[in-house]
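Please work through the exercises below with the sequence and the coordinates open beside you. Each task is followed by a solution that goes step by step.

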Amino acid sequence: MDYNDVCQKQNKLASVLSVELKEDGSLGEICLEAANDLYLKSVNVKREDFVPGKPYYNYVPVDLNYEAMSYRCVKENKMIHSYVDAEFYNAWMEIFMLPLVSEENNKLYYLFSYDMTPKVDASKLSDISPEVAVQVIRTCVKLRESDNFHEAMSSIIHDLRESCDARRSCILLTDFQKRKCSMLCDSLSEGEILSSNESFLGDGFFEIVEIWDKLIAGSNCFIIHDEKELEKLKDVDQAWYDSLKNDGIYSLVLYPLRSNGETIGYIMATNFDSSNTLNIKAILGVTSFILAAEISNHQLFKRMKILSDTDLLTGLYNRNAMNNMVTDIVTGKKPISQEYGVVFADLNGLKTVNDTDGHPAGDKLLKNAAVMLKDNFPEGEIFRVGGDEFLVLQMGLSEKRFDNLVDCLRDSMDKSDSVKFAIGKCFGDKTLDIRKAMHIADERMYKDKEEYYRLHPELQYRKTR
């Protein structure tokens, strides 16, 4: 067969590649045998420089996912159609592979073509089978019907595991700046028991995570179909190979979750039904696109929430957080159901420090004050509610234990050369209105402050309420 003629008669980018068929039946090197001018132009090769029969990676980067699709095409004599996020090209690629007749005993051939666009085409992304569509719709519904993000994600990963017929599925979140990885959600098949030596999230695990981008190599996923392919992982990373073997994993599919050009996590399914790979790729391909956006939005919301509730100088909760806390208690959204204590602590002498030594010194004093409060109320909720005023809410302690904590705070002040608080406290049970408790503590704090300035008239500074 004249494969060059096959390529030249195509109106789209087209090439014909061969796959080495070894004596033991396994598949080997993938080589570019023929290509039309449009294809050669796409890989920056002049017609006169093209030499048929060279490995495909002489022209484009190594892509293990592409190799897996190529093997499936010729091995199963099946047309392959896929729409993928080709990160290496910063584009979306619609791929077509068509098995061809081979007149050689040691080679199998297929026609390869693709279309590439810089942005995702929603119509192509949604051109999926009814089975995949049902799974994607179910995912979207669960994301919208629940106010609990983590419950929704747990339910979704359970559905994905069942769709893949996998022993385990999970979503891992990554932070490449901090070199940390965390488990967002996890689903195990019935009877599946995690081995005691499982490597997920253990020491050194992030070093394995950093390898995944190289394995995906600008494609949209990485797949190990069986134990034979798993053995090839030895040459890539022995540590990851060993961890998979130790955990009894013989097949794996890994999809990155990408948002704004960054990898924020991965969907992973292990010991899945490899005979259903194409369907699994279709499900995870579309679902990863949706989940990446949802997770990114959730993380952004959390960051905004932290910023809105945090005093940036001290790291304590701010006045906005205190007001929200009081509202939640009063409205019954988060009612107090046990004994509790309130402490108002006003930092004495801050204005004097600011006036004499400058605001950097005042900021340092505020930070030291915050540290002292956190040291003495490690389980309390601590708020900076004004320039020099702090509030502590301590739940679930007896009055004696609460008083001891306040006494310890006073002892810490006595030992400090700089941090001096005026303190007011109030203790009560769940029947005591939080607003009344705060008012009582506030009044007592002002009395304590007046006494402080009576004893230290040289630091006299009257606050106005």
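The exercises that follow deal with a buried threonine, the nonpolar cores, a helix, salt bridges and backbone angles.

This is a predicted model, in which local features need pLDDT of at least 70 and side-chain atom pairs count only at pLDDT 80 or more, while totals for chains, interfaces and linings use all residues. Residues are numbered from 1 along each chain as its sequence is written, and side-chain values use heavy atoms, with hydrogens and water left out.

**Exercise 1. Describe the surroundings of Thr-314.**

Step 1: Thr-314 sits in the loop between helix 10 (277-309) and helix 11 (319-330), where helices (H or I, at least four residues) and strands (E, at least two) are DSSP runs numbered from the N terminus.

Step 2: Thr-314 is buried because its relative accessibility is 9%; buried means under 20% relative accessible area, exposed over 50%, and partly exposed in between, with a 1.4 Å probe and protein chains only.

Step 3: The side chain of Thr-314 makes a polar contact with the side chain of Asp-311 at 2.5 Å, and the side chain of Thr-314 also reaches the backbone nitrogen of Leu-316 at 3.2 Å. A polar contact is a pair of N or O atoms within 3.5 Å; within protein, one must be able to donate a hydrogen and the other to accept it, and residues adjacent in sequence count only if both atoms are side-chain atoms.

Step 4: When residues up to four places away in sequence are not counted, Thr-314 touches Leu-366, Ala-370, Lys-374 and Arg-384, contact meaning heavy atoms within 4.5 Å.

**Exercise 2. Which residues of the largest nonpolar core touch the most other members, and which elements supply the core?**

Step 1: A nonpolar core is a set of buried Ala, Val, Leu, Ile, Met, Phe, Trp, Tyr and Cys residues joined through side-chain atoms within 4.5 Å. The largest one has 30 residues, of which Met-153, Ile-171, Leu-291 and Ile-295 touch the most other members.

Step 2: Two or more residues each come from helix 5 (130-145), helix 6 (149-164), strand 7 (168-175), strand 8 (180-188), strand 10 (252-259), strand 11 (262-270) and helix 10. Helix 10 gives the largest share of this core, seven residues.

Step 3: Leaving aside neighbours within four places in sequence, Leu-291 is in contact with Thr-139, Leu-143, Met-153, Ile-156, Leu-160, Ile-171, Leu-257 and Ile-267. Another core, of 29 residues, lies apart from the largest one and includes Val-19, Leu-27, Leu-40 and Met-69.

**Exercise 3. Why do the buried residues of helix 14 lie on the same side?**

Step 1: Helix 14 (residues 399-415) has 17 residues and reaches 25 Å from its first C-alpha to its last, close to the 24 Å expected at 1.5 Å a residue; the expected span is 1.5 Å times one less than the number of residues.

Step 2: Its buried residues are Phe-402, Leu-405, Val-406, Leu-409 and Met-413. They cover an arc of only 95° around the axis and therefore fall on the same side of helix 14, the arc being that of the directions from the helix axis to the C-beta atoms.

Step 3: These buried residues pack against strand 12 (340-347), helix 13 (359-376), strand 14 (389-395) and strand 15 (421-428), whereas the face turned away from the buried side carries the exposed residues Lys-400, Asp-414 and Lys-415.

**Exercise 4. How many salt bridges does the structure hold, and which parts of the chain do Lys-107 and Glu-33 tie together?**

Step 1: There are 16 salt bridges, a salt bridge being a side-chain nitrogen of Lys or Arg within 4 Å of a carboxyl oxygen of Asp or Glu.

Step 2: Lys-107 and Glu-33 meet through their side chains at 3.3 Å, N to O. Because Lys-107 lies in strand 6 (residues 107-117) and Glu-33 in strand 2 (residues 27-35), the pair ties together parts that are 74 residues apart in sequence.

Step 3: The salt bridge of Asp-346 with Lys-449 has an N to O distance of 2.6 Å, and it links strand 12 to helix 15 (residues 434-455) across 103 residues. Asp-346 and Lys-449 are both buried.

**Exercise 5. Where does Asn-44 lie, and is it buried or exposed?**

Step 1: Asn-44 lies in the loop between helix 2 (37-42) and strand 3 (54-55), and Asn-44 is exposed, with a relative accessible area of 74%.

Step 2: Although Asn-44 is not a glycine, it has a positive phi of about 60°.
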